[in-house]
Every structure is written in structure tokens, then in C-alpha cells.
Number of protein chains: 2
Amino acid sequence: MPVTAAAAEPPVEPAWRQRAVERSTRAAKLRAEQRVQRFLESAQELIAEKGTTDFTVQEIVDRSKQSLRSFYQHFDGKHELLLALFEDALATSAAEIREASAAESDPVEALRVAVELLFRQSHPDPGVQRPLFSDFALQLLVKHPAQVATAHLPILMIFSDLIEQATEAGAVVPGKPRRQANLVMQTIMFAAQANGVPADSHASPVTAEEVWQFCLNGISTASTAAPAKASASKKR
Amino acid sequence: MPVTAAAAEPPVEPAWRQRAVERSTRAAKLRAEQRVQRFLESAQELIAEKGTTDFTVQEIVDRSKQSLRSFYQHFDGKHELLLALFEDALATSAAEIREASAAESDPVEALRVAVELLFRQSHPDPGVQRPLFSDFALQLLVKHPAQVATAHLPILMIFSDLIEQATEAGAVVPGKPRRQANLVMQTIMFAAQANGVPADSHASPVTAEEVWQFCLNGISTASTAAPAKASASKKR
DNA sequence: CCTGCGATGAGAATAGCCTTCTCTTCAGAT
DNA sequence: ATCTGAAGAGAAGGCTATTCTCATCGCAGG
């Protein structure tokens, strides 16, 4: 078994060689990225058109005028492609939320704006489907929770920040912003998702306003430290 | 085209014939139910063993010592079977919750018990997997929300009742119990589900206690009617 | 110009599933 | 005893993702 040559040996590796290789490589990398981009765009078109992530790999390939061979050269599989789109969508979403909430001076208002915007974004709107937020996100939640957590991170951070600011402003009692943000985020996203469709007639969908009130109250006194030996009811 | 004979004609339909047919039928129905039962039990065993709903129909068939032919005679497909198990599981869950909470005299305590029990039940425990609550439930949520709503109904009722009682006891301010119950239920179930696995190391799972506090506060002042022109922050 | 190599295209082949179909067999009702 | 409908056995169909084969193509180095 020979010693690993290309692992970590800058001293014996002539710099010119590296540069040469790098130059050779750059062009190829660019082409590859363009191909990847075409796959991604085709996939997004299909999602927009079919309102589902149930298209076939073949469809992506056909639409992007490329080949299966190439697809699997660039992606580990359909799953990886969807994951890429998913993270992208959430990052975009996060950016929008951050921007919208930054426009508010009052911390509580900022939080409210963020909550309502996220609610709308997560809502299965008739007209503009967002299968990446429903379809795929839930699948992912079961099979690869860690990836979901990663993808949620940007949004989580925003809410964490907003809650912290609201706390500092004295609008809500101190708690653990990160954990509170977690609960708030999940409540919003799932409530929007689960109540998006009429389902049974006797249950009208939950509104953004309701979710907002629920969450605001929810974090207003979230005591987490107390061991609470079932004596929670008589605290204070 | 002959007139429909067996549709709805009690007057011309001799009673003895009905009884005769009924008698003929009963035995067959029993046998059918036994077969269905065997399928269901085999499926549950598989779920318990594999911790997933990803078993094949063939496996169910083999284990139950029956045939594919028979399986599709009794179920519309794998989906229907899972749905049956799902509803059953939730109904059982509901019964447990109702029983546990009924043991508490204080309405708030009763609600707390219910929340924590549902949380535990929805939690992907290492050891006792409950794929019906995660795996399948989420799939269903995307494709057949109405069926999920139906299956959730029993549990929803319980929480609705509990909240109402707590309200009457003056423990929480009046709101819309049904809608509040909806939010509470979803928050609990999804929080348990999403935070069951470690995911990323920097985020320790949410605890039952946290969820309880969050929900209790959440419904403690859920004003839904007021247009709330951002004046919410200065309540009381 | 030529040559070799890695990336592509085109599409066949593989594999895993659910679901349906055909052909028998069998149990129970009349 | 016969007839009918349910059930067993297993092949066949259909749909996908994924892999494999072979022919091309673009391009950097000789």
C-alpha cells in the first residue's frame, strides 16, 4: 500500500503543476456548473407546472436536453436534486422574511410580520403550489431529519434573533430564544401546511392571525428551567 | 335496459328472501373479516419489526399465509390497509389520553396530562417505533389531508373538550376551543415528530415541558375576533 | 494533424414495487 | 351432487429510479 500522495503534501508538490491543473480544471468546472444549472431550472419548471415533485428523472432529462448519464454524473440521485432546490427555496424564503421584518421598528411588530409572512409562504396556495414546502419537506422530515434541520437553519436564525430582540425590548419575558424559535417556526409551518386545504367542511382553516396570537402568547412566558415536579400548576 | 331490481324496492321484495340472503351472507362476512384481521395483524408485526411502513405487500401476504389475490380482494391497496391501521392507532391513542386525563380533577392538570401523553405517543422513541405516526401520517398529510383530519378527529375532540372545561373553570380566557385544540394538537404532534431525532447536535430536542408551557400560554389569550391593530403588545 | 481521455448522449438493461390477471382448487350453500 | 364464489399460486404488466454499454465529441498535449 503506497503512501497517500495527493493527500496533504504541499512541500513536494510543485506550484506550477497545481496552477496548470487548476487552469485545466476551471473550464470543465464551469461547464459542469452550467449543466447542473440547467437540470435545476428544468426541475423547477416541472414543479411549477405539475405542482408536485412526482415528475420522473426522465422528464428532467428530456426537458433540459441532456441525458440520464449526465444527470447521475452530477447528482447522487433525484433526492439530491430536490434537496438542493429545497435548501434554495428556504434560503430565499429566509431572505424575504428578514427583509420584511427589518422594515419594522417595533420588535413585536417585526416578529408579527415575520410570522405572517412565513405562514403565507408555507401555505399551500391554490394557484401557486409550493411542493417543496409540503410534498418534499415532509418526506425529508421522516427520512433525513438532519438535512431538514440544516435547511431550516436560516429561518430559525431569523426567528431566534427577532425573539431575542423582542425580549430585550421587554415585550416578552426572557426564555431560550433558539428553542422558542424552533417551536414557533414549526407551529407556523405545520399549521399552514395542515390547514391549507379545506379537508373536512366543519373545520375552517386556521388563520395567520390565530397562529400569530398563539405563538406570541406561547413565548410570552415559556419557563423551561423549572424541574416542575408536576407542581407546575401552582408555580409562583 | 331493465329497471333496476335490487336498488330500493322494499315493497316488492319478500321479507323471507332478504332474511335468507342475509343468513347466507353472514358466514361469508365472518370469514372475510377473519382474513382481513390476519392481514392487519401481519402488517402490524412487520411494522413493529422493521420500524417502517416500507414493507412490501408480498411480505404481508407471505406472513399471513394468504395470497395476493386475496389481499386485493379485501383492500383497495396497500394504502387502504395502512390507513386502517392509522385510524386504529389514533383511536387507541385517543382512548388512552381520555382515560389518563379523566383521572385528573383540575382541568388544567387534565390538559397538561393530555398534552404530555400525546407528546410521548407522537415521539419517535428509540426502541418502540411508531411509523404510523410519522412515516405514514406525513405522507397522508400531503396526499389525503381529509383522511388525516378524519383520523385526528377523536383526539381533536378530547382536546377540544379539555380546553373548554379549562375555560369554564376560568383557567384560560375564552376562545374557540375547536380551533385552539387544532393548533395545540398540531404543535404537539409535529414538535414531537420533528424533534425526536437528534438532528444537528447544537439543537437538543424540545421537551414535553416546553411544549406544554408553550401551548398553555398559547391558548391563554387567543383573541381571534379583534382585528388587532398591533395593539396586542399592550394588553392588560 | 493526430491521439488519448474524460465528459456526454442515446437508450438498453436491471431491479424493486404495486397491482392485475389467469388458471386451479376448494368449501359451503342449495 | 352440483354449482358458485372465494382463495391460492404465480406469472405478467406497468412505472420508476438507477446503472451499464457503446458510440461521440471536445479539447489539451504531442
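## Contacts to DNA strand C

In this predicted model, a polar atom in the side chain of Tyr72(B) sits 2.9 Å from a phosphate oxygen of DNA strand C. Two further residues make polar contacts to phosphate oxygens of this strand. The side chain of Ser67(A) places an N or O atom 3.1 Å from a phosphate oxygen of DNA strand C, and Lys78(B) uses a polar backbone atom, at 3.0 Å.

Around DNA strand C there are 18 residues, and those that come nearest are Arg35(A), Ser24(B), Thr56(B), Val57(B) and Tyr72(B). Of the atoms of DNA strand C within 4 Å of the protein, 68% belong to sugar and phosphate. By class, the surface near this strand consists of 8 polar, 6 charged and 4 nonpolar residues. At least two residues of that surface come from each of H3 of chain A, helix H1 (15-50) of chain B and H3 of chain B. H3(A) supplies the largest share, 4 residues.

## Contacts to DNA strand D

Which residues come nearest to DNA strand D? They are Thr56(A), Val57(A), Tyr72(A), Arg35(B) and Ser67(B), out of 16 residues around the strand. Arg35(B) has a polar side-chain atom 2.6 Å from a phosphate oxygen of DNA strand D. For Ser67(B), a polar side-chain atom lies 3.0 Å from a phosphate oxygen of the strand, while Lys78(A) has a backbone N or O atom at 3.1 Å from a phosphate oxygen. The elements that contribute two or more residues to the surface near DNA strand D are helix H3 (68-74) of chain A and helix H3 (68-74) of chain B.

The biggest contribution to this surface is that of H3(B), with 4 residues. Sorted by class, the surface near DNA strand D holds 7 polar, 5 charged and 4 nonpolar residues. Sugar or phosphate accounts for 72% of the atoms of DNA strand D that lie within 4 Å of the protein, and bases make up the rest.

## Chain A overall

Chain A contains 9 helices and 0 strands, which gives the pattern α-α-α-α-α-α-α-α-α along the sequence. Of its 236 residues, 44% are buried. Among contacts in chain A with a separation of 6 or more, 69% join residues 24 or more positions apart.

## Nonpolar core

Nonpolar side chains in soluble globular proteins tend to be buried together. Here the largest nonpolar core has 124 residues. Leu81(A), Phe159(A), Leu81(B) and Phe159(B) have the most contacts inside this core.

What does Leu81(B) touch, leaving aside its neighbours within four places in sequence? Its contacts on that basis are Phe39(B), Leu40(B), Ala43(B), Ile60(B), Phe71(B) and Phe75(B).

## Helix H9 of chain A

Helix H9 of chain A covers residues 208-220. Its 13 residues should span 18 Å at 1.5 Å a residue, and the end C-alpha atoms are 18 Å apart, so the model agrees with the expected span.

Of these 13 residues, 12 are buried, so that H9(A) is mostly covered. Among the buried residues are Glu209(A), Glu210(A), Val211(A), Trp212(A), Phe214(A), Leu216(A) and Ile219(A). Elements of both chains cover them: from chain A, the list includes helix H5 (107-122), helix H7 (145-168) and helix H8 (177-194), and from chain B, helix H8 (177-194) and helix H9 (208-220).

## Two buried residues

Ala191(A) belongs to helix H8 of chain A. Is Ala191(A) buried or exposed? Its relative accessible area is 1%, so Ala191(A) is buried. Asp135(A) is 56 residues from Ala191(A) in sequence, and the C-alpha atoms of the two are 15 Å apart in space.

Thr167(B) is located in helix H7 (residues 145-168) of chain B. Why does Thr167(B) count as buried? The relative accessible area of Thr167(B) is 18%, and buried means under 20%. A polar atom of the Thr167(B) side chain lies 2.8 Å from the backbone oxygen of Ile163(B). Leaving aside neighbours within four places in sequence, Thr167(B) is in contact with Val172(B), Val173(B) and Pro174(B).

Notes. Residues are numbered from 1 along each chain as its sequence is written. Chains are lettered from A and ligands numbered from 1 in the order in which they are written. This is a predicted model: local features need pLDDT of at least 70, side-chain atom pairs count only at pLDDT 80 or more; totals for chains, interfaces and linings use all residues. Side-chain values use heavy atoms; hydrogens and water are left out. A residue is near a molecule or strand if one of its heavy atoms lies within 4 Å of it. A polar contact is a pair of N or O atoms within 3.5 Å; within protein, one must be able to donate a hydrogen and the other to accept it, and residues adjacent in sequence count only if both atoms are side-chain atoms. Ala, Val, Leu, Ile, Met, Phe, Trp, Tyr, Cys and Pro count as nonpolar, Asp, Glu, Lys and Arg as charged, and the others, Gly among them, as polar. A nonpolar core is a set of buried Ala, Val, Leu, Ile, Met, Phe, Trp, Tyr and Cys residues joined through side-chain atoms within 4.5 Å. Buried means under 20% relative accessible area, exposed over 50%, partly exposed in between (1.4 Å probe, protein chains only). Contact means heavy atoms within 4.5 Å. The expected span of a helix is 1.5 Å times one less than its number of residues.
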